[in-house]
Amino acid sequence: MRKKLKFGSPKLTAALFILAGVLLFGSSIGGASAALTYFSESYRSQVEMYDIGVTLNENGKGIANRDYQSYSDGKWEEGVGVLLENRWSDENPLQLGKAYEEAVSVTNSGSIDQYVRVSLYKYWVKNGEKQQNLDPGLIELNLANAGSGWIIDTSASTAERTVLYYNRILGVGETSVPATDTLTISAKVLDAEEQYNGAEFRIEAEVDAVQTHNAEDAIWSAWGREIHVNNGSLSLN
């Protein structure tokens with residue numbers, strides 16, 4: 001008897017990272033790791049914590065953010081959503097091989113210009129446990145604007161993780177071009193139906209931001225990555 005493949009809607013909350021130097025403390029957002037960091041002593045005078053704010057968008061809608069709301073009360077606003085929430089149902093099931101809109105972008109919701117980095121993760125889960133033997137390549141999260149807006153960091157990317165840098169300054173209130181545009185679950189899972197039966201796929205997005213002042217040193221301190229900045233344009237060394 002042919003078994004029916006079951007693909008649960010991804011439930012993992014979109015994680016939001018705001019990074020600006022040496023880690024001072026961490027917190028939890030929706031069960032995924034999240035962190036806010038400040039600059040080490042050599043940079044601290046150049047940026048205040050309320051300057052950094054960033055929002056992760058899905059299909060033009062903000063779903064996760066971390067922003068300083070008021071200079072007076074010293075509080076942060078954090079908003080957390082779920083990628084692909086309510087996208088499928090029993091009446092509207094996921095169709096293998098079909099490309100669904102999945103445009104991930106970033107908005108600078110802070111008060112200073114920023115450079116941003118996005119990390120995308122995709123993997124399979126069974127009974128709540130990640131399945132290392134199932135191919136993340138069958139979760140086809142198509143990259144958009146690679147080379148014309150986003151730079152792929154091939155040295156940091158794997159089959160499960162893709163690391164992208166926005167190649168120009170993201171100004172206050174500005175939204176990046178999308179880093180992705182579609183999501184397709186490959187029909188090739190049917191070639192190994194026994195392995196994938198009962199599996200759920202997960203996608204996860206993280207965004208980091210640093211100030212533009214002394215950007216090369218700031219990015220090295222925050223992300224451990226050598227970059228080059230020329231007239232505001234970012235390139236990877």
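Here are some informal notes on this predicted model, point by point.

1. **Confidence.** Before leaning on any detail, have a look at the confidence scores. The protein averages a pLDDT of 76, and 73% of the residues score at least 70. Residues 1–48 have a pLDDT below 50, although this stretch still has 140 contacts in the model beyond near neighbours in sequence. The pLDDT is also below 50 over residues 70–74, a stretch with five such contacts. I'd read both stretches with that in mind.

2. **Overall make-up.** The secondary structure comes to three helices and 16 strands. Of the 237 residues, 49% count as buried. If you take the contacts between residues at least 6 apart in sequence, 69% of them join residues at least 24 apart.

3. **A three-stranded sheet.** One open sheet has its three strands in the order 6-13-10, with antiparallel pairing. Strand 6 (100–101) and strand 10 (139–143) are at the edges with a single partner strand each, so one side of each has no neighbour in the sheet. Strand 6 is joined to strand 13 (residues 180–185) by two bridges. Look for Tyr100 here: it stands opposite Leu183 in strand 13.

4. **Leu183.** This residue turns up again in the core, so its surroundings deserve a look of their own. Not counting residues up to four places away in sequence, Leu183 touches Leu84, Trp88, Lys98, Ala99, Tyr100, Glu102, Ile139, Glu140, Leu141, Phe201 and Ile203.

5. **Glu102, an acidic residue inside.** Is Glu102 buried or exposed? At 0% relative accessibility, Glu102 counts as buried. Its place is the loop between strand 6 and strand 7 (104–108). Leaving aside neighbours within four places in sequence, its contacts include Glu58, Arg87, Asp181 and Leu183. Asn59, Thr180 and Thr182 are also among them.

6. **Strand 7.** Just along the chain, strand 7 has five of its five residues buried. Both faces are covered, with Val104, Val106 and Asn108 on one side and Ser105 and Thr107 on the other. Five bridges join strand 7 to strand 3, and the two run antiparallel. Thr107 is the bridge partner of Thr55.

7. **The nonpolar cores.** As background, nonpolar side chains tend to be buried together in soluble globular proteins. In this model, the largest nonpolar core has 35 residues, and those with the most contacts inside it are Val106, Val116, Trp124, Trp150, Leu183 and Phe201. Elements giving two or more residues to this core include strand 3 (54–58), strand 4 (61–68), strand 8 (114–126) and strand 12 (161–166). Strand 14 provides the largest share, five residues. A second, separate core of 11 residues includes Tyr115, Ile151, Trp223 and Ile227.

8. **Helix 3.** Which residues of helix 3 (residues 215–223) are buried? They are Ala215, Ala218, Ile219, Ala222 and Trp223. These residues cover an arc of only 95° around the axis, which puts them on the same side of helix 3. The spacing makes sense: an α-helix has 3.6 residues a turn, so residues three or four places apart point the same way. Just after the helix, Gly224 takes a positive phi of about 65°.

9. **Aromatic rings.** With ring centres within 6.5 Å as the cut-off for a pair, the count comes to six aromatic pairs. Take Trp124 and Tyr196: their ring centres are 5.0 Å apart and their planes are at 70°, so the pair is edge-to-face. The pair links distant parts of the chain, with Trp124 in strand 8 and Tyr196 in helix 2 (residues 193–196), 72 residues apart. Trp124 is buried, with a relative accessible area of 0%, and Tyr196 is buried at 4%. Both belong to one aromatic cluster with Trp88, Tyr100 and Phe201.

10. **Lys188, on the outside.** To finish, a residue at the surface: Lys188 is exposed, with a relative accessible area of 56%. You'll find Lys188 in the loop between strand 13 and helix 2. Its C-alpha atom is 8.6 Å from that of Leu96, although the two residues are 92 apart along the chain.

Terms used
Residues are numbered from 1 along each chain as its sequence is written. This is a predicted model: local features need pLDDT of at least 70, side-chain atom pairs count only at pLDDT 80 or more; totals for chains, interfaces and linings use all residues. Side-chain values use heavy atoms; hydrogens and water are left out. Two strands pair if DSSP finds at least two bridges between them. Helices (H or I, at least four residues) and strands (E, at least two) are DSSP runs, numbered from the N terminus. Buried means under 20% relative accessible area, exposed over 50%, partly exposed in between (1.4 Å probe, protein chains only). Contact means heavy atoms within 4.5 Å. A nonpolar core is a set of buried Ala, Val, Leu, Ile, Met, Phe, Trp, Tyr and Cys residues joined through side-chain atoms within 4.5 Å. pLDDT is the predictor's confidence in each residue, from 0 to 100. The arc is that of the directions from the helix axis to the C-beta atoms. Rings of Phe, Tyr and Trp (its six-membered ring) pair if their centres lie within 6.5 Å; planes under 30 degrees apart count as stacked, over 60 as edge-to-face and the rest as tilted.
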